[in-house]
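Open the structure in your viewer and keep the selection tool at hand. The stops below say what to select and what is found there.

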Amino acid sequence: MTTAPLAGRLDGLLFFPVTAFAPDGSVDLAAFRAHVRAGVDAGAAAVFACCGTGEFHALTPEEFRDCVAAAVEETAGRVPVVAGAGYGTALAVHYARLAERAGADGLLAMPPYLVVPDQAGLLRHYARLAAATSLDVIVYQRDNAVLTPDTAVALARTDGVIGLKDGLGDLGLMQRIVSAVRAEGLDLLYFNGLPTAELTGAAYRGIGVTLYSSAVFCFAPDLALAYHRALVSGDDATLDLLVDGFYRPLVELRSQGRGYAVSLVKAAVRRSGQDVGEVRPPLSEPAPEHVDALMRLVERGRALLKGAGA
């Protein structure tokens with residue numbers, strides 16, 4: 001059920017920081033802190049630490065705990081901190097409890113590892129995760145964790161579950177979920193969780209989903225905030241300008257390499273002046289020419305906004 005405090009605080013642009021690594025491959029907490037601090041200072045409404053963009057899959061439990069604690073310390077209560085939690089149920093619960101002890105405000109429940117569970121199994125998994133701590137849980141729908149409307153209704157009735165983040169991109173299914181939950185008089189927060197959510201922001205807005213995660217905010221917060229202002233205010237002219245001139249070409253560039261939803265973003269953060277290191281295996285660094293192309297796109301986006309007076 002949607003209850004305070006987290007649900008009422010998730011209103012604005014959601015920041016998913018990358019996790020910084022030193023040249024020797026270890027976690028660089030100082031650089032991570034600086035990255036989180038820069039995002040909050042730029043106007044992030046929440047920090048989602050150690051999630052997909054933050055290479056949750058590549059972190060040990062101890063590294064995860066230290067990064068979440070660092071994010072909590074850097075935000076100092078200005079905005080909520082939500083931590084990733086995933087793998088099988090036992091490990092997800094372990095990560096959840098680490099996040100709670102580190103001071104997080106909530107959890108983003110990543111898909112269970114490897115297996116393709118049925119709806120009853122998914123419901124049991126998320127219910128046990130929600131019951132394991134006092135933290136509110138947002139369920140991340142994607143890959144092997146796709147919900148039916150009936151399961152979404154059951155989750156909306158589950159204590160501690162406050163939201164559903166959609167990384168699948170099936171708008172028909174999302175409309176059915178929103179409708180089914182609403183028809184039962186229940187509440188969930190809904191998030192657009194596609195890799196470049198801005199490309200589909202207007203479409204999701206049409207079914208009432210305005211919260212989303214912005215990878216672009218990591219390296220070009222000015223562009224991400226301009227898009228967010230336009231989405232919230234219904235400024236479709238600015239949305240079209242940014243989609244046509246920046247976000248669509250960005251998605252096409254992202255499709256040029258596997259893992260680019262993380263590695264290309266991280267490379268752009270480095271190019272923007274924040275030394276967050278490279279990605280960990282099994283991800284690989286993007287081709288230099290693709291990073292160059294992305295930075296040209298950023299400048300193009302800024303020029304478009306300047307020319308439009310936005």
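## The enclosed space

Searching the whole structure turns up one cavity of 30 Å³ or more. The model is a predicted one. The largest cavity holds about 80 Å³ of space.

To display its lining, select Pro 195, Thr 196, Ala 215, Val 216, Phe 219, Leu 250, Arg 254, Tyr 260, Ala 261, Leu 264, Val 265 and Leu 294. Colour these by class: the lining of the largest cavity has ten nonpolar residues, one polar and one charged.

Next, show the helices α10 (236-254) and α11 (260-271), each of which supplies at least two residues of this cavity lining. Which helix gives the most to the lining of the largest cavity? That is α11, with four residues.

## The open pocket

Now move to the largest pocket, where about 1,000 Å³ of space lies. It is lined by 35 residues, and those closest to its centre are Gly 52, Met 110, Arg 142, Asp 143 and Val 262. Select these five to centre the view.

The lining of the largest pocket divides into 18 nonpolar, twelve polar and five charged residues. Add strand β8 (211-214) to the display, since β8 and α11 each supply at least two residues of the pocket lining. Here too α11 gives the most, this time with three residues.

## α11 against α12

Keep α11 on screen and add α12 (residues 288-308). The axes of α11 and α12 are 10 Å apart, and the two helices pack at an angle of about 65°. They are therefore roughly perpendicular to each other. The crossing of α11 past α12 is right-handed.

For the contact, select Tyr 260, Leu 264, Ala 267, Ala 268 and Arg 271 on the α11 side, and Pro 288, His 290, Val 291, Asp 292, Leu 294 and Met 295 on the α12 side. This contact of α11 with α12 comprises eight nonpolar, one polar and two charged residues. Tyr 260, Leu 264 and Leu 294 were also in the selection for the cavity lining.

## α9 against α12

Stay with α12 and bring in helix α9 (residues 221-233). The axes of α9 and α12 come within 10 Å and cross at roughly 45°, which makes α9 oblique to α12. This crossing is left-handed.

Which residues of α9 meet α12? Asp 222, Leu 223 and Ala 226 do, and they face Val 298, Gly 301, Arg 302 and Leu 305 of α12. By class, the contact of α9 with α12 has four nonpolar residues, one polar and two charged.

## α6 against α7

For the last stop, hide the earlier selections and show helix α6 (residues 149-156) with helix α7 (residues 171-183). Their axes are 9 Å apart, and the helices pack at an angle of about 45°. That makes α6 oblique to α7. The crossing in which α6 passes α7 is right-handed.

Select Pro 149, Ala 152, Val 153 and Ala 156 in α6, then Leu 173, Arg 176, Ile 177, Ala 180 and Val 181 in α7, to see where the two meet. The contact of α6 with α7 divides into eight nonpolar residues, no polar ones and one charged. Arg 176 of α7 is among the residues of this contact.

Technical notes: Residues numbered from 1 in each chain as written. Predicted model: local features only at pLDDT ≥ 70, side-chain atom pairs only at ≥ 80, totals over all residues. Heavy atoms only, no water. Axes fitted to C-alpha atoms, helices over the stretch in contact; angles between N-to-C directions. Parallel < 35°, antiparallel > 145°, perpendicular 65-115°, else oblique. Left-handed = near helix turned anticlockwise from the far one by under 90°. Contact = heavy atoms within 4.5 Å. Nonpolar A, V, L, I, M, F, W, Y, C, P; charged D, E, K, R; others polar. 1 Å grid on protein atoms, 1.4 Å probe; cavity = no way out; pocket = protein on both sides within 12 Å on 5 of 7 lines; lining within 4 Å. Points joined across faces, edges and corners; volume = space filled by probe spheres on them.
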